[in-house]
Structure formats: C-alpha cells, structure tokens
Amino acid sequence: METQTHLLTVVTFLPLLGVPALLMLRANDHKWVRRIALAVSIAEFIISLFLLHGFGATNAQYSFEEFYNWIPGGSIHYHLGVDGISLFLVLLTTFLTPIAILCSWNSIQDRVRGFFISLLVIETAMIGVFLSLDLFLFFVFWELTLIPMYFIIGIWGHGRRIYAALKFILFTMFGSILMLVAILWLYNLTHTFNLPDIQAMLQTGQVVLPPHTELWLFGAFFLAFAIKVPLFPLHTWLPDAHTEAPTAGSVILAGVMLKLGTYGMLRFCLPLFPDASHRMAPLIGVLAIIGIVYGALVAMVQHDFKRLIAYTSVSHLGFVVLGLFAFSTISIQGAIYQMLNHGVCTGALFVGVGMLYDRRHTHEIKEFGGLINPMPVLMAFFLFIALSSLALPPLNSFIGEFMILIGTFEHHHAWASWAASGAILSAIYLLWAYQRVGFGEVTVEKNKTLPDASGRERLILATMSLVIIFMGVASPLFTRRMEPAANTVLLQMDRVAMASRKARGLGAPDQVAVLPAASATPSQATLKVALVNASQRRVQP
Amino acid sequence: MPILDHLWIILALPLAGAAINGLLGWKWPKSVINTIGIGSVALSFLAVLEATREFAQLPASQIPFVKDFFTWMTAGAFRVDFALQVDQLTIVMLLVVTFVSLLVHIYSTGYMAHDGGYCRFFAYMNLFVFFMLTLVLAANLILLFVGWEGVGLCSYLLIGFWFLKKSANDAGKKAFITTRIGDMGFTIGILLAFWTFHSVDYRTMFSQVAKMGVEGTAGIGVLTAICLLLFAGAIGKSAQLPLYVWLPDAMEGPTPVSALIHAATMVTAGVYMVARMNPLFSRAPIAMFVVAAVGAITAFYAATIGLLQTDIKKVLAYSTVSQLGYMFLGCGVGAYAAGIFHLMTHAFFKGLLFLAAGSVIHAVGGEQDMRRMGGLRKKIPVTYWTMLIATLSIAGIPGFAGFFSKDEILAAAGSGPHANLWLWLIGLIGAGLTSFYMFRLVFLTFFGKARYDEHKVHVHESPKNITVPLMILAFCAIFGGWFAAPHLVGGTDYFEAFLHPVFSAYHVQGAVEQQASLAGSAGAEAGMAHNPAMELFHAITGPPVLIAIAGLLLAWWFYIRKPDAPKKVARSVHGLYTLVLNKYYVDELYLAVIIRPLLWISTHVLWHTVDVGMIDGTLNGTASAARAAGGELREMQSGNARSYATWVVVGAVGFTVLLVGLWLKVR
C-alpha cells in the first residue's frame, strides 16, 4: 500500500478536538466557549480547503484514500476517500459550521458549552458520512449525526421543541433501521463492508443480486435517504423540526443534513442497484415533481416564516432528486451543484429569519411588515438571498436548476416541463413573503425601533452573498471537478447492470442499448475516459 | 478594434455605476451620484458609438462578430460561454438602448430631484441598463435569458420603488410573477432547443437550422414547438394577450421608469428575441401566424381599452401594449426589419410621451387624472409641443417617424409574402383607435378649460434637465424614421437594407420565403418604380394615413367640438362601455379563476388535508390503532408525539422482522 496522507482523518476529526478544549473551560465562560468553537470551525474550514489543492480536476477516483482494518476480522474497515461528489459537500459543511456558530453568538444563552459541543460533534459526523467508503463506518457516522441534532432541537429549540425533536428522530431512525438491515444483508452477500469492493464484485459479476433482492435492498436504502431528503410524502417531520429548531440547527439541518439523503442516493442507490434504480425511477421522478410543486404551493400559504422556508426545501430538494434519477451526467452534476446552492441559499434564509427572531422572538409573518424602514441593510441582504433562492440568473441556484432541467429533458420532456413550473411558484412564495415582511409601512409598533444588522450579522450575510455570486459566475470551477465522479457513477451503473444481465444470460455484455439507461450513458469520449479511470482503480484486497 | 475586442466594457460601465451608487452612494451628495449614474451610461453610449464605427469597418465575413470571454457553465455536453455578439441587429438595439437610457437618466435628475431614494433609483437604473445590454449582446440563448430575467428584476425593483405603497409593491410582484409564467415557456423552449441542436449558441443553432426545411402546417414540428415556447416568454415580457395585465399596473413606478423600461426598452425584448430567432421562426409558419395573430389582436384589444382610460399614464401603458402588438404583427408576417424599425421609432415617441406625461404630472402637482387637467397648452409650451410631436408620430401622420414604421408593418401584413387580410384589417382599425385615443389625451390635457384648482396648483414648465431630453427625443420622433423616406419615392429603405444581412443570412431555400426576409414592406417591388411622385402620393394617402386622420378628427369632434358627445355615446352603448371601462374584467377573471382557487387549494387541500390530515393523520391514526389494540384506548387525540413513538417503533420492528425473514428465505 502506497503512502497515505491523513488529511481526511484530520478534516473529519478536527472539530472533535474542540470538544475537550471546550470542556476544559468553565461552563459559564460563554465568551471563550464561543471563541474557541469559532476558532476550531474556522481552522477546520481552512484545512478543508487543502482538499481542493490536492484534488485533480480530471480525477475519477477517490483521492486522499485512507484504509485500515478497524475491527478485527477483516471485514470492517476505516476507509475514507473523497471524490468529486463528496468534495464540495465537505466544503459546504466546513463553510456552514462557522456560520452556524456565528449566528448563535448571542441567541444561545443557556447551556452554551453544550450547544457548541453539539455543533462540533455534528460537523464531524456529517463529514464522516461524506467521506466514509465503508458501509459500517458510514452507518456509524450517519447515526452520530442524529444525536446532537436531537439535542439541538430538543434543548435549545422553541415552543414545541420536544415534539419536533421526537418526530425528527423517530422518522429518521425508522429509515436508519431499514438501512442497517440492508447493509447487513449486503454484507452477507459480499462478506465485506468496503464500498469499492462491493462495487467491484457487482461490476465483475462476482456477486449478482437477483432482481427481487436488488429491489428490496434498493428500497431499504432509498427509504432511509428519502426520509432524510425529505421526499414527498415523507416530509412532514421537516417543517416541525425547522420551526422549532434554533437558527443554527436550521442552518445545519437544511444546509447539510438534508443532503446526506441525496448524497446517499447518489453514492449507494444508483451505483449499487442500477436496475432497481431504473425500475423505480418513474415513481421517484413523479414523487420528486409532486414535491417540487406541492412544497412550493404549501410554502406559499404559510403564516410562519420559518415553516415557509422549510417547505421550500421540500420543493428545492425535489429538484435534486429529479436530477439524480434522470441518470444524465448533466442532471447529476446539476443535482450536486444544487445541493451546494440549496445549502448556501436556504442556510442564508434561515440565518436571516434567525436575525428577525433574535429581535422579535417570533416567526409569524404578520408580526412583521415594513421592516425595510428600520433595517434597510438586513432587508436588502434578505432580498438578495431570496432572489438567489428563486433561481434568478446569474446567481447560483439558476445554474443548478437549469442543469437539472437540461439533463432531465434529454429523456423526460414532461418531467422537466413540470419541474420548470417551480420557477413560477418560487417567485410567488418568496416575493409575497418578502413583501409581507419587508415592504410597506411598519405595521407593528415594536418594529419601528428594531436595530439594523450588526457588524457580526453583516459579516455573515455579506460572506454568504459573496459565495452566492461566486457560485453564480464561476460554476465550472465546481462542475469540472464533479464531472468525472458523475460519469463514474453512470459507468458503474451500466457495468453492474450489464454484469447482472450477463449472469442471468440476458443480452451480450457490450449491448448497452438493452438498458433503459442506455441513452443516459455519457458521451463516447467521456465514457472512455471514465472507463480508463475505472480500470485504474485500485480494488482493495 | 479597441471596443469590439473588449465588448465587456459596454456592460461593465453601467454595472460598475450600479455597484458604486448602490453600495456606497447612500451618503453622497446628488452631484456625485449624478456623475456616476449618468457618467457610466454616457460612457457606455460613447463605447457603443465607437463600436458602431468599428463595426462599419468589419468585412462581411466577420459578421456576426463574436467574442468569447469565459466558460460560464459546463457539464457533459452542455456548455454555455459568456460570449458577446455584435451584428446589425445588435448595433441598432445597442444604440437605441444606450441613447434612450442616457436621456432618461438625465431627465431623472430633474424628475427624481426631491426623492429620498435618489441613489437607490440610479443604482437600479444602471443595473437595468447593464442587464438590457447583456440581453442584446448575448451570443447564446442562456445569456440572453440572464439579461431577460435581470431586466425583469430591475422592473420589479423599480415598479415597487416607492415601497411604502402597497399598490406599488403589488404591481411589482405582479409584473415579476406574470412574466415568469411566460418564462416557464421560454425555459422549456431553451430546453427543447438544446435537445434539438445540442447547443444554445446562436451560430451553432442557426447553422443547423439552415439545413432544415420549412415545417408544414399539418402538425407541430420541433421548430414550431421551440418558436411557440420561446414566444410564450415574449408574451409575458412584452405584455401581449393574455399576459399583458402586469404592464398597466407597472405604472405605479416612477415615470422615468415607465418611459425607459415599460415603453422604450425592456418590453421590446420579446420583439428583439423573435427577430433574433428569425431563422427558426421563418421555418415555422404556424408559429409565425401565432405571433402575427397575437400581435394584431393585442394591438386592437389594448387600443380599445386605451380609449376610455382617464389616467394619463394608463392610456400610455395600454398604448404600449398595443404598439408592441404591431411590432409582433410585423415580425409575424416576416417583416422583421419593419418590426425592429417600429421598435426603434416607438422607443423615441413612446419614451417621449411618457417623459412628457411626467412633465405634465409634475406641472399639475402630481395629478395623473386627465379629467382634472385641461388647458395646459400655453402654460407648459415645451411639454405641449414635444408631446404633440410624439402624438403625431404614434398616430402615423406622414413625415413623422411612427408613420414610416407602422406603414411598413401594415403594408407587409396587407400584401407581403405572409400577408393576411384579416390581420391587416385588425391592425388598420387599431391604427385608427390609436390616433383617436392619443389625440383624446392631447385634447383633454392641453386644450379646453382648466379643470384643476387654479388656486392650489401653480402650473409651471419643467426645468432644463427635463425639457432638453424632451426636445432631443422630439427631434428623433420626427426624423428617426427618415431612414426609410427614400423608399416612398421608390428608393432604398436604408434601415431595412442595414438589417437585411441579419434576416437573410439563414434564409430558407425557396423564392417565396426569400422574399419574406427581403421584403421590408409591400413596396418591395422598388425596381418597378414608375413615377416617384405617384409613389409618394400613394404612400401618404394609403388607408393607414386616412384612418389616422379620421381618428384625429373624431377625437377633435368628441373632445373639442362637442364635449358632451362622449357621455351620450357612453349612455347609448352602456353595456359595452362598462365592459371596456373595466378593462373587460380580465384582472377580476384571473383573480377568480386562477389566484383564489390556487390559494384555496394550497391552504385547505394540500396543507390542511394532505399534510396535516392525511400524512400526519395516518401516522397518528395508526399509532392510535396500535394503542387501541394494546388495550390502552384513550382520547383519540392527534398531534401527540408519543403516538408517533409508538407507531414508528411498532412499524420499525415489524419491518425489521419482515426483512430479516425475507433475508433468511433468500439465503
């Protein structure tokens, strides 16, 4: 085995190092608790940027791989790796965590140390999910994300926090249990938890999943991820969780945790179970479109600002799922990009709502109105973020949505056309909400004297706005690094499907056209590149 | 080629102006804001002039001149460059946009002088100029869409500029959302275009289109579908039936905004887009007919509403909708050059009408209702004369700019290769109505007795920074159409000849279609000119001119000679009068048929029934059932967190057992 760097281990566990540091402080030394937490998260962000440095733009394999036997017996490994799919999701996590810490600066006054410890633990857990290449390790991190979030909602949340926290954890635990069963089942077939090994076995036909088995396994994984996303009709935990969570909780939840679901679909469901993915795609595509339209319509009529934004997540994540299950390299890249965009935009919207909450301790839209008068700067940022969220070109979300639509349209004219209606609906709910909150005369006496954004708040909002603009104009810097990974997924899908077909004596191995996915394969040139890359892949013993 | 090689400068100037004024201008004095706001547009205008000069020296083989700056989006086979393009059509649009923008910016220093949001206003205006120039300079459909949405954003911000007024905010939101409905079609059109051509780049698309034939009228081919979808976007943006409803409301914005965005430039983006996509449209006769028909019907329909409006800006708004209809009629009958010609002359005379109306409104202390004006002719002479010139121009009186362009459109509709007698007739009647409502406006405003309170309102002429732009535009409203004047005596229409390469580069193989792009007007048989004097005589005594004069006289009769006549007529056709006065109740119809049901369904069906009732209710219900089975029947209360707990655990265990069982079986 060649020399390994330990960059990924550092990136994954650095936030945890902050935990003992915080524990050494006195519990009521709030100032230093915040400072240390922020320092750790910023250091983490800077270190994570080194991933970009070492990441080749044409790299279709995992980079910075680390591989150790973890639990004796040789089947459970500590295996980390980063590719074009996980790279930016890790960066999104390390970017949003300092933001979440900063926007909790004054709003969390109770059990401050515990709160920041929870945030740091959740950061490690989420990064671990993105970087794990061993199913067992993945599952451990996956479960680890739940506990701190449960506390964040349940302890530092608003009115009905216990109800919301319980609903959150029960929904997701339900999915987790199914996924655990599927992971064990898969282990029983392959005798390993190592993802690249499982992938290789499926691709070479060493292990062939009978159609029924594949469908069950796919279903178990998919249900776990779909709850997390959340896909209609499994979304009802989300509005409650968001409404009751503190600002930082919502930022992390919407910004990163929902993407654990879409990430999981792309990392596991598609490449491991391609036939099942194709068989279920019509249903999933329709559910995604229902989610887009339904989420937007329900968002439109909400009275609670935070609940409104929560429903927009249902709508926006519908786009991502649609992009993934259109099986085109364009739509998959669009979907990955849209995961990032949604993290930044919706994160920023929650930050903004949090700032309003800090001032007025309510999320009710009718409690606001005319806020642009007392706080022009804050509301100007708010409008800008809303515009990026409604996919106004040339801002970031436009690029993600448009790529998803272009890629989806290749095979599904109707899907893409329905999804395009999301652009109208998002304009309706965001502009209407903004009008009711921001424009007009100040309607509530208390609001007349609200202070405008503080220096800290301006820093947060300006940073996020700059990222929104940057991602809007410089998308190739991202997509060029995603493309090889997206093509690899499609290639893996074809190979696994082919191997399974061959084993069952259906069709020649090179007869790609048998698959409904046939036309979804990348163009010849990219296919070749991906083939070469895939053949160079190191398969773990 | 200093500018052509650095086309981005034309864009960067107004963008920089917007950024500087918007971010830093809050505490600066007006002089600094003016310098930045006007200076950036003035420099941009100079850059366009220089680009035009350089463009004139380019060999024909280098046109369209495309400059590729960087890759903006890339994924698989999908790639969009930030690439700018200049051809004759772009040059015309660039000149019109920067020139009118410059005048409106200067005008605004007078009109907005006492407004609290001065720097915000100039920042938005500069931002608008940036996006509008992006729209016309774009070398691919998606960059065009950036400009397209960007001007929509600026329109939203500027309509709702006075954000304390709810009506202004409503109007801004309505404008944005209504145009977005059209944009959904536009988006799908782009998707279909990419699917068909594997590119959104104009040149790549057109070179493939050039190999395609004309689509039949038997079914909808792919080109027809693309054209119709793109045209849906134009219907929204250029306020055509049935999506025109936002434009009259958009008059809530400051008057310079109405002049620049809602008359001269942004709303014409749809016409520009159709002309730009002419290789596609020319091969899709069904789409062409739809464009022409929507244009003609809108031209007529909006003119009828304009007849009875009493708000001076609303009259002009409906007039804009109507005139945009003429531009589409021109494009739809294959006379793209005539459509663009009318776009240009309209930018002059309608820009002028709005600016002059703003001057009137200022003069009478903010009053917009013409019933409380009257007799202003002597008191504000510059405004009066410039507005009269614009009115003569829009009415199509020979010698004025509007005459040349409207005449070309109607001529092409009447006798061009795609002529349609019905559309010509509708357009012709519309022209009579135009003349009537415009002279009605002039007579009500400037003639007769003063109907405002002369003790309270001290009518005064506007300052120089308002009147000078009016005079410059008045000059253009007369002479801006004279490029076509030689055509009247059998000579060349220079405007049409200049644009000819754009509309013939990818012309359809086949004589009839070739003529379609060649013929700027019905008088394309210029070679057969017999007698220049007779030609001229025919041109200035054609039906459009006669009906315009009839409209003028009728207005004179109704509003000067017999001021009681309007009321009598209104009484005699009361039903029709009420219908038109209420704008055919279209807003009310949309509210009742679309908006209210949508809100009701979203609230009661989707949210309360599906989300709360069915999904959560099922979970709660199942939980309750489980508890009942366990003998713990209590109140059937829903929303209890513990009920979820019970149910989910039961469900999870059940599933686990099931899956493990299956797994064992599979083994």
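Helices here are DSSP runs of H or I of at least four residues, numbered from the N terminus. The model is predicted.

**The two chains**

The table sets out each chain in turn.

| Chain | Residues | Helices and strands | Radius of gyration | C-alpha extent along principal axes | Buried |
|---|---|---|---|---|---|
| A | 541 residues | 20 helices, 2 strands | 23 Å | roughly 75 × 55 × 40 Å | 63% |
| B | 667 residues | 28 helices, 2 strands | 29 Å | about 100 × 65 × 55 Å | 55% |

A compact globule of 541 residues would have a radius of gyration near 24 Å, so the 23 Å of chain A agrees. For the 667 residues of chain B the rule gives a value near 26 Å, and the 29 Å of the chain agrees.

Contacts reach far along the sequence. In chain A, 80% of the contacts between residues at least 6 apart join residues at least 24 apart. In chain B the share is 79%, counted among contacts between residues at least 6 apart in sequence.

**The interface**

Chain A brings 57 residues into contact with 50 residues of chain B. Several helices of chain A give two or more residues to this side, among them α6 (161-190), α8 (211-228), α11 (274-300), α13 (329-360) and α19 (476-503). The largest share comes from α6(A), with 10 residues. By type, the side of chain A that touches chain B divides into 39 nonpolar, 13 polar and 5 charged residues.

**A helix pair in chain A**

Helices α2 (residues 30-54) and α4 (residues 112-131) of chain A pack at an angle of about 10 degrees. Their axes lie 9 Å apart. Angles under 35 degrees count as roughly parallel, and α2(A) and α4(A) are therefore roughly parallel to each other. From α2(A), the contact uses H30(A), V33(A), R34(A), A37(A), V40(A) and S41(A). From α4(A) come V112(A), R113(A), F116(A), L119(A), L120(A) and E123(A). The residues of this contact divide into 7 nonpolar, 2 polar and 3 charged.

**Helix α13 of chain A and its flanks**

α13(A) has 32 residues. From its first C-alpha to its last it reaches 46 Å, close to the 46 Å expected at 1.5 Å a residue. The helix is mostly covered, with 28 of its 32 residues buried. α13 of chain A is also one of the elements that give two or more residues to the side touching chain B.

Residues with positive phi occur in the loops on either side. F327(A) is in the loop between α12 (305-324) and α13 of chain A. Its phi is positive, about 55 degrees, although F327(A) is not a glycine. A residue is buried if 20 or more other C-beta atoms lie within 10 Å of its own. F327(A) has 28 within 10 Å, so F327(A) is buried.

H361(A) comes just after α13(A), in the loop between α13 and α14 of chain A. H361(A) is not a glycine either, and has a positive phi of about 55 degrees. Exposed residues have 12 or fewer C-beta neighbours. H361(A) has 10 inside 10 Å and therefore counts as exposed.

**Cis peptide bonds**

In chain A, the bond from P393(A) to P394(A) is cis, with omega near 5 degrees. P394(A) is found in the loop between α14 (376-389) and α15 of chain A. In chain B, a cis peptide bond joins I63(B) and P64(B), and omega is about 0 degrees. P64(B) is in the loop between α2 (30-56) and β1 (65-75) of chain B.

Definitions and conventions
Residues are numbered from 1 along each chain as its sequence is written. Chains are lettered from A and ligands numbered from 1 in the order in which they are written. This is a predicted model: local features need pLDDT of at least 70, side-chain atom pairs count only at pLDDT 80 or more; totals for chains, interfaces and linings use all residues. Axes are lines fitted to C-alpha atoms, for helices over the stretch in contact, and angles run from 0 to 180 degrees between N-to-C directions. Angles under 35 degrees count as roughly parallel, over 145 as roughly antiparallel, 65 to 115 as roughly perpendicular and the rest as oblique. Two residues are in contact if their C-beta atoms, placed from the backbone, lie within 7 Å. Ala, Val, Leu, Ile, Met, Phe, Trp, Tyr, Cys and Pro count as nonpolar, Asp, Glu, Lys and Arg as charged, and the others, Gly among them, as polar. The radius of gyration is taken over C-alpha atoms; the globule rule is 2.2 Å times the number of residues to the power 0.38. The expected span of a helix is 1.5 Å times one less than its number of residues.
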